[in-house]
Amino acid sequence: MRVFTTCTRDCPGACGLTVRVEGGVVRSIGGNRGHPHSRGFLCRKTASYHRTRLYSDKRILKPLMRDGNQWRTVSWDEALQTVADVMNRCVDEYGAESIIYYQGFGARTALRLLNRRFFNSLGATTLEGTLCGGTAIEAHKMDFGKRVSHEPRDHLNSRNIFIWGRNPAVTDLNLWRIIRRAQRNGKTIVTVDPLRTETAARADIHCQIKPGTDMYLAIALSKIIVEEGIHDQKFMDNHSENSDVYLNVLDAFSLSELSGITGIPEKMVYELAFTYSDGPSSIIIGWGLQRYFNSHITCRFIDALAAISGNIGIRGGGVSSGFDEYGGFDESVCLEDRRKISMPLFGRDLENLDSPEAKCVFITAGNPVNLGPNSMKTLSALRKMDLVVMVDHFLNDTSYAADIFLPATTFLEETDLVGSYGHPYISPVNAAVKPSGECRSEFWILKRLSEFMGLDNLEGSLMEWLEIIAAPLLDYHGIEIQDLLKRPYRVPGIPEVPFEDFKFYTESRRFILPSEIPSEVGISDEKSLRLLTVMNSEWIGSREPYDEEKLLEVFIHPETLLKTGLEDGETVTLESGAGRTCATVRSSDKVYPGCALSFRGTWLSRGGCINTVIEDGKTERGHGTPYHETRIKIKKRH
Ligand code: SF4
C-alpha cells in the first residue's frame, strides 16, 4: 500500500511524500511527484525517518512519570489525571495564568492550532516571539505593509539571485534545487554570508561580510545605484515615501567608510551593485541575517535596495523571506491569547513572572533547554516549577526538568493538514500506520486532558475541527475536506509576483523607505569573538538521541587561532555572560576572522550544547532571538 502524505518537520520544504506500507509497517519513504513544490524530492533525513525516529529503539512508547532520578511507566489515565489535578489546583490557588504553554516549532500543523485554543480557553499564559525569523516579517510590514514573498519558482525568471544570510543547500533543499537550476541556465548566484557555507561554496560570487554589518552593504549598493543614475526614479517619485530622508542616509556614508565597516573591498561592492542592478534580480533573506538586535533595519535597507533599483513588482525580482505556514487557516479557533511570555527570553521570564508566578509548564514539539538561548537558565527555571509536562518522541535535554513525559505520535501516524513557510501550499497529512505502542497525537492528548479537567473546549471530532480550521481554503476552492486530504491546494491571496500594480498594504499604499540607522557597528572587541551558531546538515532542530559522547566543536579562522595562541584540536573553555562550556577548537578558513562558529542541536549530556553560552535577549523589533549577538572568550583548558 502507498500512502500520500506530507513532511511536517521544522523545515520550509513541507515535501509531499509517498510512504510504502506492508503489513502495517512503513518499509520506505519516497518523494511524491504530484506535489507542486517538492515534485518528488525528499531529503535523506526524512527518507530514513522510519528507521531513525518512527521505529527507533530510543522512542518512548508509554507515558512516563518522574520518580526521583528515575522514570516509571504509567497508564495514560494516571498521567493525565495527575496533570489535570495539578493544573486544576494551579487555577484554583494561583489563577490559570500560572500555567504556561510552550509550543515549539517541531510540528506546526493545522490541528496544533487547537493546542492554543485549549490553553487560551483555560486562561493560561502562552508564548510570543520566535527563535527563527520575525525581524524580516517586521521589516516587510513596515515597508510593504505586509510580508508577501515571490513564488519560489519565480527565481527561475531572475537574472541574478542574491542569497543573503541563508544556506539553502542545507536549510531549504527544494529552494536550493530551484537556485541550482537557475544557475545551470546561466543565472548568477551571489551569497552574502560571513561563513563559506555549502551554498556559498557553490555560488558564483561569495561576498564574505563581517557579521552584523549587512545593512551597510545594502546602503553601499543603493548608494552606487543612485550615484550611477541607474535607480528607478519613477518608482521613488510615484510609489514610495521618505525618499529625501533615505537619500540623506545614503549620503551620510562614503563608499570607503562602508567598505571598511563591511570588510568588502570597494571593487567588489561595485561589482555587486552592477550585478544586482542588471536585473531582474531577486533577494532571498535568510534566518542568519535575522539573528542580530537590529536586523529589522538591515532587512528594511535590503527592501529599499530592491525598491529603488526597480526590482519590486516584476517577475524574477522582489525580496522574499518565506510564507506564513498558518496563512491559509482560520486562526480564530485559537481564541484570544491572555498573558504572554517571551520565547527568546523564556527562562528569564519564567523565573520573573509575577501575579501569578509560573507554577506549571506544558511543552509540545519543543526542546527549549537545547534550542533556546541560555540553556542553563531555562533548565533552572523549569526545575523550579511544580510540574513540567512534555509531549515528545524522545527524552532529551528538556526532560531533565520534566515530571511527566507524554509520548506523541509522529506525522506518519497522524491525520492532519500542514502549511509551509517555504511555499504557498496547504498539503495533506495522512496516517500511514497506526500509532506505535501507546503513543497518541497532541489532539488526542489535549482532548482527553480537557475531559479529565472537566472542560468542553475541544468538543468535536478531528475531521470536524479540520473542516473548521481549513474553511477559508475549502470555501475558496469549492472543495470538501476529503479533497484537501488527497492533494495540496494553493493558499488564496498569494500572487506569484507580488505588487505588480505597485499598490502596497501600507496606510498610504506606497512603499516606505527607511530613514533610521542603528548606532552600534562592529564585530568583536580584541578579547572576545562573536559567536555564530548554525544548523547542521545531519539533523533538524536538536539531534535525535545518540550514544556517542563527543565534545562540542567550535571553529575559528586560522589567523584568529594564531592570535589566541591556541592549536587546532585543543580542548578549550568557552565563556560568555550566559555561562561556560568545554569545546574542541578547530581551525577553519570558512569562518570570518574574529568570529567563532558552532552547530546547534548537540546535547548537554553528550558533550555539550552551544546554547549554554548563548545569551538570552530579544531583537529590537519583530520579537526574534539575537543569537548572533553573543561574544565569547576562548581559554585553554588546563
Ligand atoms: S527537505 Fe524538509 S520538508 Fe522535505 S523531507 Fe526533508 S525535512 Fe521534510
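How many salt bridges does the rule find across the interface of domain 1 and domain 3? The count there is 1. Keep in mind that this is a predicted model.

## How the chain is divided

Let's start with the layout. Domain 1 is put together from three stretches, 64–131, 326–413 and 438–490. Domain 2 takes 134–320, and domain 3 covers 529–636.

Ahead of those domains, there's a record to mention: an unreviewed UniProt entry lists residues 1–57 as "domain: 4Fe-4S Mo/W bis-MGD-type". In the model, that stretch is 18% helix and 33% strand, and its end C-alpha atoms sit 25 Å apart.

## Where domain 1 meets domain 3

Going by C-alpha atoms, the centres of domain 1 and domain 3 are 30 Å apart. On the contact count, 24 residues of domain 1 touch 23 residues of domain 3. Together the two domains bury about 1,800 Å², with 57% of that on carbon and sulfur atoms. On the domain 1 side, the residues losing the most area to domain 3 are Asn 370, Leu 371 and Asn 374, which together make up 27% of what that side buries.

Now for the polar part. The salt bridge rule gives 1 hit across this interface, while 17 residue pairs are in polar contact between the two domains, both partners being at pLDDT 80 or more. As for secondary structure, helix H16 (368–371) and helix H17 (375–383) each bring at least two residues to the side of domain 1 that touches domain 3. H17 has the largest share of that side, with 4 residues. By type, the same side splits into 11 nonpolar, 9 polar and 4 charged residues.

## A salt bridge to look up

If you're clicking through side chains, try Asp 616 and Arg 348. They meet in a salt bridge, at 3.4 Å from N to O.

## Backbone oddities

Asn 374 is worth a second visit. Besides being among the residues that lose the most area to domain 3, Asn 374 has a positive phi of about 55° without being a glycine. You'll find Asn 374 in the loop between H16 and H17.

Then there are cis peptide bonds. One runs from Gly 279 to Pro 280, with omega near 5°, and Pro 280 sits in the loop between helix H13 (266–277) and strand S12 (281–285). Another joins Ser 355 and Pro 356, with omega at about 0°. Pro 356 is in a loop too, between helix H15 (346–352) and strand S15 (360–364).

Note on methods
Residues numbered from 1 in each chain as written. Predicted model: local features only at pLDDT ≥ 70, side-chain atom pairs only at ≥ 80, totals over all residues. Heavy atoms only, no water. Domains from an automatic or database assignment. Contact = heavy atoms within 4.5 Å. Buried area = accessible area lost by both parts, 1.4 Å probe. Salt bridge = Lys/Arg side-chain N within 4 Å of Asp/Glu carboxyl O. Polar contact = N/O pair within 3.5 Å; in protein donor to acceptor, adjacent residues only side chain to side chain. Nonpolar A, V, L, I, M, F, W, Y, C, P; charged D, E, K, R; others polar. UniProt positions renumbered as here; feature names shortened; annotations may be inferred.
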